[in-house]
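Trainee: Got a minute to go through this one with me? I'd like to start with the fold and then move on to the contacts.

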Amino acid sequence: MRDIWVGLFVALGLLALTLLALHVSNLLSLPSGKGYFVTAEFDNIGGLKVRAPVKLSGVVVGRVESISIDSKNFRAVVGMNIESNYSIFPIDSSAAIYTSGLLGEQYIGLSPGAEDAVLKSGDRIALTQSAIVLETLISQFLFNKAAEGDKK
Amino acid sequence: MMRPVLNLLARIGQGVMEALARLGRWFVFMLGLLPALPASLLRPRLIVDQLYQVGVLSLQIILVAGAFVGMVLGLQGYSILATYGSAESLGVVVALSLVRELGPVLTALLFAGRAGSALTAELGLMKSTEQLAGMEMMAVDPLKRVVAPRFWAGVLTMPLLAALFSLVGVLGGYAIGVGLLGVDSGSYWSQIQSQVDFREDIINGVIKSVLFGVVAVWIALFEGYDCVPTAEGVSRATTRTVVNTSLAVLGLDFVMTALMFNV
């Protein structure tokens, strides 16, 4: 009798662990590990974090793997791992940092270019667009308003 | 004139000596138990019996506590998140706080109260009725026969209980958030899946609970094995088990969180 209970308990516990792994965490949506690594330089990455998604047309194709600073030109270097079944990006593709929703998490949106050659591991995406920082936007707006006021 | 000062000094000295002696006995206990651990794996029957005592009988309190903690997290999280118009993130709040912190820690605290105290009392009573000494007389090593199976059972039990606690909690949060407060069911799960990382959150939570299991069982067994073999001694040892385990788990949790999650 006790054996049955112990068996049930261990089975339940293991089932809970599996459910947590499969249903609660992103184990299934993780990239398969095999992928290729590309970098991009940004003037400002805003609140981008490691593991943020990299999306093409809203579909997650990879994850941000590293964020560092280029010590020569003081720009942020974002390294991302893109799944190998998406090795379709033309070499002149561009990367931009967007925010999902007004206050949501930030992610990298890729937009494909037109070249025939595709991005390979270690390549650098040349065309980038920085994150929109709300404070800069507001101060620019106020500045413009003030300038308009001066003209009148 | 000098007497109170000398008395105070003597008391401090006594306390230090007692603490050092306890530390020494703890170390001897540890050195004795370590070689007994592999040997006890050869008799799984004893471990299964203890799994019933330590694990199955703790299920009730763990499941009920997990469900209610999840439900409270759902209520409180919703009322705060709703003010910022992001009630959809309720799932993330519930799941992350359970998997990372509340699951392992609360399970360990409940385990100390439910199973740790029982282990201490059992061992203490065995000691005070001289069952342990009797075993030694028959050339049966009580560390191998009595203590080691209980150790394995506790260490195996803890991660399973913590996983059940977290899962039931997430479901409790779901029941409140989706069932009662009208958060969208799809976004509850999809937000959880996009924010909870397998390696970073789930695995670290399991590592925490295994370590808490080792600490909780170790303290419980040591206090029982080391108690003064009288009725009062057993009761004191049981109290010490619960208090020391709770303090150790809470302190350790802070250190491990600081090491694991670079906030």
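Mentor: Keep in mind that this is a predicted model. Reading chain B from the N terminus, the order of elements is α-α-α-α-α-α-α-α-α.

Trainee: How many helices and strands is that for chain B?

Mentor: Chain B has 9 helices and 0 strands.

Trainee: And what does the C-alpha trace of chain B span along its principal axes?

Mentor: About 65 × 60 × 30 Å.

Trainee: Let's look at helix packing. At what angle do α4 and α6 of chain B cross?

Mentor: Roughly 145 degrees, and the axes of α4(B), residues 90-128, and α6(B), residues 142-180, come within 7 Å. The crossing is right-handed. By class, 21 nonpolar, 8 polar and 2 charged residues make up the contact of α4(B) with α6(B).

Trainee: What about α6(B) and α7(B), how far apart are their axes?

Mentor: Those axes are 10 Å apart, and α6(B) packs against α7(B), residues 185-195, at an angle of about 145 degrees. α6(B) passes α7(B) in a right-handed crossing.

Trainee: Which residues make that contact?

Mentor: From α6(B), B:Val170, B:Leu171, B:Gly173, B:Tyr174 and B:Val178. From α7(B), B:Ser185, B:Tyr188, B:Trp189 and B:Ile192. They divide into 7 nonpolar, 2 polar and no charged residues.

Trainee: Switching to charges. How many salt bridges are there over all chains?

Mentor: The count is 14 over all chains. One of them is within chain B, where B:Glu223 pairs with B:Arg22 and the closest N and O atoms are 2.8 Å apart.

Trainee: Why single out B:Glu223 and B:Arg22?

Mentor: Because B:Glu223 is in α8(B), residues 198-226, and B:Arg22 is in α1(B), residues 3-40, the pair ties together parts that are 201 residues apart in sequence.

Trainee: Now the interface. How many residues of chain A and chain B are in contact?

Mentor: 23 residues of chain A contact 27 residues of chain B. The two chains bury about 2,500 Å² between them, and 73% of that is on carbon and sulfur atoms.

Trainee: How many salt bridges are there between chain A and chain B?

Mentor: Just 1 salt bridge is counted between chain A and chain B. The residues are A:Asp3 and B:Arg45, with their closest N and O atoms 2.8 Å apart. The side of chain A that touches chain B has 15 nonpolar, 4 polar and 4 charged residues.

Trainee: And how many residue pairs are in polar contact across that interface?

Mentor: The rule finds 1 residue pair, taking pairs with both residues at pLDDT 80 or more.

Conventions. Residues numbered from 1 in each chain as written. Chains lettered and ligands numbered in written order. Predicted model: local features only at pLDDT ≥ 70, side-chain atom pairs only at ≥ 80, totals over all residues. Heavy atoms only, no water. Contact = heavy atoms within 4.5 Å. Buried area = accessible area lost by both parts, 1.4 Å probe. Salt bridge = Lys/Arg side-chain N within 4 Å of Asp/Glu carboxyl O. Polar contact = N/O pair within 3.5 Å; in protein donor to acceptor, adjacent residues only side chain to side chain. Nonpolar A, V, L, I, M, F, W, Y, C, P; charged D, E, K, R; others polar. Axes fitted to C-alpha atoms, helices over the stretch in contact; angles between N-to-C directions. Helix = DSSP H or I, 4+ residues; strand = E, 2+ residues; numbered from the N terminus. Left-handed = near helix turned anticlockwise from the far one by under 90°.
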